[in-house]
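Please look through the structure below with two topics in mind, the surroundings of the ligand and the packing of a pair of helices.

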Amino acid sequence: MADVTAEEEAQVFLSVAGSEAMTPLSQARIPVLDRGFIFGDGVYEVVPAYRRVPFRLNQHLARLSRSLNAIGIVNPYDIDGWKARIAQLIAGSANDDQLVYMQVTRGVAKRAHAFPLGIQPTVFMMTNPLVLPSAAQHAGGVVVVTAIDNRWLRCDIKSVSLLGNVLMAENAAANDATETVMFRDGFLTEASSSNVWVVKGGTLYAPPKDEKILEGIRYGLIAELAQRIGIALSVRKIAREEVESADELMLSSATKEILPVTIIDKKKVGDGKPGPVYRKLFAAYQEAKAESFAAGTQGNPR
Ligand SMILES: Cc1ncc(COP(=O)(O)O)c(C=O)c1O
């Protein structure tokens, strides 16, 4: 038998048909008729934890609850129930900075599309080391390519049905890019696993929070930080030409935090260097992390 790696030995949380256990990843099993496997019928969350304190956890749990409501799965736990299980998972890991993954699927049932009656959701949670972008990526910015957004029209649900996003991420990888930035009907939506921010003339622009994008937890946070540090934010539809002629572009996500984009479709963004709005927001983001840790809270940056 091949050697078991530390990752495979790491404890994960699994609840199938109401039966909960912590188990090494290598031994975690779900039935093949789980609707997450068969239909992609489930939702998920990805929460960063800095020095073992989950960051913006209340907001992540609220979004999980919205996603579950949107697809008619009863939330298996209340907020304290989630927090206790997440705390247990974090405590069992050797890493200080972690990325907690949580997934809820509709459960296990004979294969038929419509919702089955009387089944319990399957819950899976794991934690991995949090790997943040490199200093070189922050200093030089990253490369993106663009594509037409051909995903479904409920991108606001954080669904495990990620094939559209997977294909967009693969398109980025095939082009040696960090992300694929997408446009629908000529307007910016988001990237395969990030929200996108545009700066022009010192103003920060973001596309509206609607069913065409996922409302990133950093979407709300960056809006708060911009207000805090006096950067004007305008939320409105953003045309492709505005993205192409932006002074600055940024990506945000749990693992990217705030990352500057300096090349889009082989052309420079602005002067081709990370800009002042990125630098201010990135600094404010690091402050919010420090404040969250100092407070030991799982909520707001202040
Ligand atoms: C499609 C998509 N949009 C936006 C985001 C950013 O969300 P968050 O800030 O909660 O990580 C993600 C995160 O993975 C994503 O997958």
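Which of the 16 residues around the ligand come nearest? In this predicted model, they are Arg63, Glu190, Ile217, Arg218 and Ala254. Polar atoms of the ligand can be followed to several of these residues in turn: an oxygen atom of the ligand lies 2.9 Å from an N or O atom in the side chain of Arg63, while a nitrogen atom of the ligand is 2.7 Å from an N or O atom in the side chain of Glu190. At Ile217 the partner belongs to the backbone, where a polar atom is 2.8 Å from an oxygen atom of the ligand. Of the 390 Å² of accessible area that the ligand has on its own, the protein covers 92%.

Ile217 and Arg218 also lead to the helices, since helix H7 spans residues 217-229 and packs against helix H9, residues 276-295, at an angle of about 105°, with the axes 10 Å apart. Because of that angle, H7 is roughly perpendicular to H9. Arg218, Leu221 and Ile222 are among the H7 residues that make the contact, and H9 contributes residues including Lys280, Leu281 and Ala284. Taken by class, this contact of H7 with H9 has nine nonpolar, no polar and five charged residues.

Definitions and conventions. Residues are numbered from 1 along each chain as its sequence is written. This is a predicted model: local features need pLDDT of at least 70, side-chain atom pairs count only at pLDDT 80 or more; totals for chains, interfaces and linings use all residues. Side-chain values use heavy atoms; hydrogens and water are left out. Axes are lines fitted to C-alpha atoms, for helices over the stretch in contact, and angles run from 0 to 180 degrees between N-to-C directions. Helices (H or I, at least four residues) and strands (E, at least two) are DSSP runs, numbered from the N terminus. Angles under 35 degrees count as roughly parallel, over 145 as roughly antiparallel, 65 to 115 as roughly perpendicular and the rest as oblique. Contact means heavy atoms within 4.5 Å. Ala, Val, Leu, Ile, Met, Phe, Trp, Tyr, Cys and Pro count as nonpolar, Asp, Glu, Lys and Arg as charged, and the others, Gly among them, as polar. A residue is near a molecule or strand if one of its heavy atoms lies within 4 Å of it. A polar contact is a pair of N or O atoms within 3.5 Å; within protein, one must be able to donate a hydrogen and the other to accept it, and residues adjacent in sequence count only if both atoms are side-chain atoms. Accessible areas come from the Shrake-Rupley method with a 1.4 Å probe; for residues, only the protein chains shown count as cover.
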